[in-house]
Amino acid sequence: MLKELKGLTASPGMAMGPAKIYSKVDLTITKEMVEGGTEKELERLKSAFDSYLEKLKSTESDNEVQASVTQAHMELLSDPYFIETASGLIKDEKVGASWALRETANQMAAMMESLDDPYLRERGADYRDIGQNLLYILEGVDGGDLSHLDEDCIVISSELTPSDTSTMDRAHVLGFANDLGGKTSHVAIIAQTLDIPALVGMKTVSQEVEEGDDLILDADQGLLLVNPDKETKKVYREKIHDREEERARLEKVKDKEAVTKDGKKIEVVCNVGNLEDLKEGLKRGADGVGLFRTEFLYMENDHFPSEEEQFQVYQAAASRLGQSPLLIRTLDIGGDKSLSYFDFPKEDNPFLGWRALRISFDLPEVFETQVRAILRASAFGNVKLFLPMVVSVDEILEAQDRIASIKEDLRQEGIPFNEEMEVGIMIETPASVLIADDLARYCDFFSIGTNDLTQYILAADRGNDKVAGIYNSYQPSVLRAIKKVIDAAHGAGKWCGMCGGFASDHRATYMLLGMGLDEFSVVGSQVAKVKDLVLGARLDSAQAFAEKILAAGRLDKVEKLVAENPIQ
Ligand code: PEP
Ligand code: MG
């Protein structure tokens with residue numbers, strides 16, 4: 001009987017196959033008091049940590065994702081605070097090692113999960129994962145995993161841990177669906193990187209599906225079809241076949257230069273937050289990096305990263321890219337992104353408050369440290385620097401003054417850097433759109449940040465579900481802003497890119513090409529698709545299409561034109 005269950009798309013794609021119900025062994029840990037001394041429990045605890053660490057060290061990672069989860073777990077396990085807190089509980093409360101360990105892991109997870117910062121919040125799942133694996137070792141139990149499966153299946157579970165997901169048998173797991181988890185959860189990110197279709201937040205899927213049920217997972221639509229009829233299966237078999245053909249075709253396109261049929265070369269680059277993302281982006285065919293979100297370097301640390309720490313990362317990226325561009329954005333913190341080691345003032349409107357460049361200007365040492373690291377890295381490749389959240393010409397002038405004086409220091413110190421390094425700005429505020437003509441004269445390039453630009457133009461918070469229906473980059477106001485910005489850049493002889501999420505929307509590619517966009521900085525998975533669309537387009541026809549859209553004046557008309565456009 002056909003049942004249709006809904007979930008959140010953690011990773012897009014489609015799959016068909018039998019259900020495999022997966023659940024970890026549930027351990028019941030009771031609070032038992034230790035008679036006599038606690039040495040034996042302390043010893044058991046230590047040896048569990050040691051043997052888990054040993055196991056991780058000897059793990060042969062067959063993919064980068066698994067390697068990064070293993071690495072993250074090794075770092076958390078090696079943090080003395082973890083074992084010291086658990087040991088303290090054993091000594092103070094005279095409880096067994098298993099109880100102390102579970103309490104500590106839960107506490108640390110809860111502490112991380114209470115933080116505002118979404119990235120750090122996700123670390124909570126890692127603590128729970130590690131805690132559970134340590135408990136299996138302590139209790140001598142095989143908790144089970146998905147690393148060796150006998151047949152193709154769609155995994156159904158209440159929740160998957162990061163280690164379950166990263167070690168799953170990719171030859172047989174066609175997709176998965178979980179009761180718990182959010183779209184930005186660690187597990188979702190891993191599924192995207194491994195390219196496995198996945199749904200999360202399904203609430204009751206683990207109760208509604210039975211082992212061996214016939215499933216269709218349509219992660220694009222957020223649907224799981226249970227025991228579908230023959231006709232539905234036939235339709236999906238065709239859809240999956242078409243997708244696979246398209247994927248094989250795109251695989252051949254990904255390393256080509258993106259040039260329109262009438263000869264305009266378009267840069268198709270990628271957005272990254274660290275060196276792992278860069279590797280992934282290059283593997284997927286990116287011509288460089290159009291946005292390095294440096295705030296992740298700050299958010300993953302427990303201190304402001306030093307010049308040397310930053311330089312190591314920027315230099316590695318620049319060297320890896322050679323002459324391909326590496327656009328490094330200066331720190332964009334504040335708004336929804338905080339730092340565990342820095343007290344942000346409580347603000348009524350954080351997105352309109354102390355954020356991005358404003359913070360960099362108020363903390364001159366932080367800005368200087370970062371700019372020095374970026375300039376030093378510029379000696380190793382094609383590095384460009386750009387500034388977030390600009391609202392005035394004065395801000396560019398201020399930044400340039402500071403950059404000039406940092407350059408002078410480096411010259412005095414005999415440290416090499418690229419004297420001609422380009423300095424650009426993000427266009428993501430209405431102010432910057434309105435004065436784009438002026439701004440273009442004072443910087444080398446624009447990169448349009450549609451995530452923020454859309455929220456500021458439409459006065460609709462980008463993270464608020466209640467106004468998600470208003471937040472829409474196809475609104476004529478946003479499209480006309482984009483066109484005005486591109487024209488302003490070109491009028492001053494500068495180039496204009498886009499690094500906001502709109503650049504990754506393949507339905508918008510043709511229209512943006514027609515508006516004159518020179519560079520698309522997209523998520524790794526969209527590189528080949530955007531290149532393919534550029535290769536298939538003629539600029540003059542794309543221009544005519546963009547003009548029609550810009551004249552439409554209403555969202556429904558725009559969306560109709562976009563939906564009817566065959567080039568997408
Ligand atoms: C944007 O606002 O579009 C952008 C790319 O910056 P972020 O998403 O990091 O705010
Ligand atoms: Mg932004």
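This is a short walk through one protein structure, from the whole chain down to a helix and two single residues.

Before anything else, please keep in mind that what you see is a predicted model, and that every value I quote was computed from it.

Let me begin with the overall picture. The protein is built from 23 helices and 17 strands, and along its principal axes the C-alpha trace spans about 80 × 70 × 45 Å. For a chain of 568 residues, a compact globule would be expected to have a radius of gyration near 24 Å, and the protein comes out at 26 Å, so the two agree. Of those 568 residues, 51% count as buried. If we take the contacts between residues at least 6 apart in sequence, 67% of them join residues at least 24 apart.

Turning to the surface, the accessible area of the protein comes to about 25500 Å², and carbon and sulfur atoms account for 50% of that. As for charge, there are 64 positive and 99 negative charges, and their mean positions lie 6 Å apart.

Now to one element, helix α9, which covers residues 230–253. Does its length fit its residue count, or, put more usefully, what span should its 24 residues have? At 1.5 Å a residue we would expect 34 Å, and because the end C-alpha atoms are 35 Å apart, the helix agrees with that expectation. Within α9, the residues T232, Y236, I240, L250 and V253 are buried, and the elements that cover the buried residues of this helix include β3 (14–22), β7 (214–218), β8 (223–226) and α21 (527–535).

Finally, two single residues, each sitting in a helix of its own. I189 belongs to helix α7, residues 186–194, and with a relative accessibility of 44% it counts as partly exposed, because that class runs between 20% and 50%. Although I189 and S11 are 178 residues apart in sequence, their C-alpha atoms are 7.7 Å apart in space.

T454 lies in helix α18, residues 450–458. Is T454 buried or exposed? Its relative accessibility is 0%, and the cut-off for buried is under 20%, so T454 counts as buried. Leaving aside residues up to four places away in sequence, T454 touches Y471, N472, S473 and V478. The C-alpha atoms of T454 and R170, on the other hand, are separated by 38 Å, with their positions 284 residues apart along the chain.

Terms used
Residues are numbered from 1 along each chain as its sequence is written. Chains are lettered from A and ligands numbered from 1 in the order in which they are written. This is a predicted model: local features need pLDDT of at least 70, side-chain atom pairs count only at pLDDT 80 or more; totals for chains, interfaces and linings use all residues. Side-chain values use heavy atoms; hydrogens and water are left out. Helices (H or I, at least four residues) and strands (E, at least two) are DSSP runs, numbered from the N terminus. The radius of gyration is taken over C-alpha atoms; the globule rule is 2.2 Å times the number of residues to the power 0.38. Buried means under 20% relative accessible area, exposed over 50%, partly exposed in between (1.4 Å probe, protein chains only). Contact means heavy atoms within 4.5 Å. Accessible areas come from the Shrake-Rupley method with a 1.4 Å probe; for residues, only the protein chains shown count as cover. Lys and Arg count as positive and Asp and Glu as negative; His and the chain ends are not counted. The place of a charge is taken as NZ of Lys, CZ of Arg, CG of Asp or CD of Glu. The expected span of a helix is 1.5 Å times one less than its number of residues.
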